[in-house]
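The following exercises are to be worked with the sequence and the coordinates at hand. Each task is followed by a solution in steps.

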2 protein chains.
Amino acid sequence: MTRLALNQITTKHWSLPEAVQGCVDAGIPAIGLWRDKVAETGLATAAKLVRDAGLSVSSLCRGGFLTAVGAEGRQTALAENLRALEEAAELGTDTLVMVVGGLAEGSRDLVGARARVAELLSELALHAGDFGVRLAIEPLHPMFCADRAVVSTLGQALDLAEQFPVEQVGVVVDSYHVWWDPELARQIARAGDRIASYQVCDWTLPLPADALLGRGHVGDGHIDFRTLTDQVAAAGYTGWIEVEIFNETVWGTPGAQTLRTMIERHHAHVETP
Amino acid sequence: MTRLALNQITTKHWSLPEAVQGCVDAGIPAIGLWRDKVAETGLATAAKLVRDAGLSVSSLCRGGFLTAVGAEGRQTALAENLRALEEAAELGTDTLVMVVGGLAEGSRDLVGARARVAELLSELALHAGDFGVRLAIEPLHPMFCADRAVVSTLGQALDLAEQFPVEQVGVVVDSYHVWWDPELARQIARAGDRIASYQVCDWTLPLPADALLGRGHVGDGHIDFRTLTDQVAAAGYTGWIEVEIFNETVWGTPGAQTLRTMIERHHAHVETP
């Protein structure tokens, strides 16, 4: 369990103080924070709470949304991501998860949207370095390409990341988004020390009405976590393994019970204690 | 409109004779048939109907489902695909669309499932050649990887197809399944004369409760058909452009109206008349 982290979206109905206390009570040593929850509590208070509890902050979710068209959209995105970098630094994490954004409203120009992501990253990368925080590009499952992230594969995320120093831009390996990829083993090996975060949850069927919310506890679905975890380890990743689940049923479950299930599944499918 | 074809799933509630008559009435010169509809009408009758109507058969849907484990599952799959090849030949089409199948029940062995697809293809390819029919491997959107097709990208389909002579094994380019792929332009160029079928429908959001049924008429969603069609043409493909839509609303619309919409959208977004 020493590498297990709670991504706080998994206990969506817990406030930040509740999630921190939940981790302490369950013996989970790290937490991935969300900016909206941090804002609710207040940045300085949140940072102090986590620090005083002795928890590590595995990541901050999230920056990104870099595909807006035009100077104004671009400025807004830059400003927002600079704020996120600053928050990450104050919270004591070196990882800002980046969901890059989907097609611009009414646009079918996927190539253009992808180009804008690369441009904005090149504006942000140096700042990230200054803050000591790494932009962790998260490829999202291709079913989210139109509306959420035009970066759809680990290979594509690495093509972007490799344009920058390794301490400025990395990638997220999230089981749910990448498990299907026939190139996965090769791309994880290629990723090496670009892997800034390893997130886990399972692919379960049927997809729910809101396709965002179909993720299951590790072990409930179709992903071979043993093999995936071995590949990520072989690439040299020794960081946190964050459980990030979007699922109405999980969200409706008492947080302490969710954490018990997480720990159980982590031992059964991911890391043997 | 000379290259437009109706894939008969688009008019799911039409029988085969109705779909044939619908194409004739609308001036659509080709039809992609489904095996269940052919069986309803009877193979010989269906073949005669289509021939007498002067229509071409753009493809037969579908063979595949090659991922079963064990000798029995393998024999069943072989026998079923041989029947499908025979039917395709009798119907006068040179293209059997292959949906390769998902993970075996309860299995998380994606690598193994993909290996079984390759093995069974090598059993089927020579037979396909004998029938003068090409096995057209269809990569399905990654959201169908677990339950429907472990071939998820055009690149992966080509890696399989290229192990066999071009007249035995080809690939399907279906806009819905491949539009998001950052490798798409490169893989279409690579595909060249391996492209056995070009199918179109649009990516629309939100995904419906049954994710299979989320496809829209060309022009209703996020796909840039002009660019995609240009890429397919540049690869050398001059065959049919089949409209294949799974969508309850489209299915609830009178067939003749659906065909009018298809023709309109084809002219507006795919081929200028």
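## Exercise 1: A buried asparagine

Task: Determine which residues A:Asn7 is in contact with, leaving aside its neighbours within four places in sequence.

Solution. In this predicted model, A:Asn7 is in contact with A:Gly32, A:Cys61, A:Gln199, A:Glu242, A:Val243 and A:Glu244, once neighbours within four places in sequence are left aside. The next step is to place the residue: A:Asn7 belongs to strand 1 of chain A. Its burial follows from a count of neighbours. The cut-off for a buried residue is 20 or more other C-beta atoms within 10 Å; A:Asn7 has 27 and is therefore buried. Finally, a distance may be checked: the C-alpha atoms of A:Asn7 and A:Ala19 are separated by 9.4 Å, the two residues being 12 apart along the chain.

## Exercise 2: Strand 1 and its partners

Task: Establish which way the side chains of strand 1 of chain A point, and which strands pair with strand 1.

Solution. In a regular strand, side chains alternate between the two faces of the sheet. In strand 1 (residues 4–7) of chain A, A:Leu4 and A:Leu6 point one way, while A:Ala5 and A:Asn7 point the other way; all are buried.

- Strand 10 (residues 241–243) of chain A pairs with strand 1 of chain A in the parallel sense, over three bridges. Here A:Leu4 stands opposite A:Ile241.
- Strand 2 (residues 30–34) of chain A also runs parallel to strand 1 of chain A, to which three bridges join it. Here A:Gly32 stands opposite A:Asn7.

A:Gly32 also appears among the contacts of A:Asn7.

## Exercise 3: The fold of chain A as a whole

Task: State how many helices and strands chain A has, and assess how its radius of gyration stands to the globule rule.

Solution. Chain A holds 11 helices and 10 strands. Its radius of gyration is 17 Å, close to the 19 Å that the globule rule gives for 273 residues, so chain A is as compact as a globular protein of that length. Along the principal axes, the C-alpha atoms of chain A fill a box of roughly 45 × 45 × 35 Å. Of the 273 residues, 56% are buried. Among contacts in chain A with a separation of 6 or more, 78% are between residues 24 or more positions apart.

## Exercise 4: A buried arginine

Task: Decide whether A:Arg215 is buried or exposed.

Solution. A:Arg215 is part of strand 9 (residues 215–216) of chain A. The residue has 26 C-beta neighbours inside 10 Å and therefore counts as buried. Apart from neighbours within four places in sequence, the contacts of A:Arg215 are A:Tyr176, A:Cys201, A:Asp202, A:Ile245, A:Phe246 and A:Asn247. A:Arg265, 50 residues away along the chain, has its C-alpha atom 14 Å from that of A:Arg215.

## Exercise 5: Two chains and their contact

Task: Find what turn and shift lay chain B on chain A, and through what surface the copies meet.

Solution. A turn of 180° with a shift of 0.0 Å along the axis lays chain B on chain A with an RMSD of 0.0 Å. The two copies are thus related as by a two-fold rotation axis. In chain B, B:Ala209 has the C-alpha nearest the axis, at 2.1 Å. The contact takes 23 residues from chain B and 23 residues from chain A. On the side of chain B that touches chain A there are 14 nonpolar, five polar and four charged residues. Since 100% of the interface residues of chain B are also interface residues in chain A, the copies meet through the same surface.

The largest nonpolar core has 188 residues, and those with the most contacts inside it are A:Ile31, A:Ile137, A:Val171, B:Ile31, B:Ile137 and B:Val171. Beyond four places in sequence, the contacts of B:Ile31 include B:Ala5, B:Leu6, B:Val50 and B:Leu55.

## Exercise 6: Unusual backbone geometry

Task: Identify which peptide bonds of chain B are cis at B:Arg62 and B:Pro206, and what phi A:Phe65 has.

Solution. Most residues other than glycine have a negative phi, and most peptide bonds are trans.

1. The bond from B:Cys61 to B:Arg62 is cis, with omega near 0°; B:Arg62 lies in strand 3 (residues 56–64) of chain B.
2. The bond joining B:Leu205 and B:Pro206 is cis, with omega about -5°; B:Pro206 lies in the loop between strand 8 and strand 9 of chain B.
3. A:Phe65, not a glycine, has a positive phi of about 50°. This residue lies in the loop between strand 3 and helix 4 of chain A, and with 20 C-beta neighbours inside 10 Å it counts as buried.

How values were computed: Residues are numbered from 1 along each chain as its sequence is written. Chains are lettered from A and ligands numbered from 1 in the order in which they are written. This is a predicted model: local features need pLDDT of at least 70, side-chain atom pairs count only at pLDDT 80 or more; totals for chains, interfaces and linings use all residues. Helices (H or I, at least four residues) and strands (E, at least two) are DSSP runs, numbered from the N terminus. The radius of gyration is taken over C-alpha atoms; the globule rule is 2.2 Å times the number of residues to the power 0.38. A residue is buried if 20 or more other C-beta atoms lie within 10 Å of its own, exposed if 12 or fewer, and partly exposed in between; C-beta atoms are placed from the backbone. Two residues are in contact if their C-beta atoms, placed from the backbone, lie within 7 Å. Copies are superposed by least squares on the C-alpha atoms of residues with pLDDT of at least 70 in both. Ala, Val, Leu, Ile, Met, Phe, Trp, Tyr, Cys and Pro count as nonpolar, Asp, Glu, Lys and Arg as charged, and the others, Gly among them, as polar. A nonpolar core is a set of buried Ala, Val, Leu, Ile, Met, Phe, Trp, Tyr and Cys residues joined through C-beta atoms within 7 Å. Two strands pair if DSSP finds at least two bridges between them.
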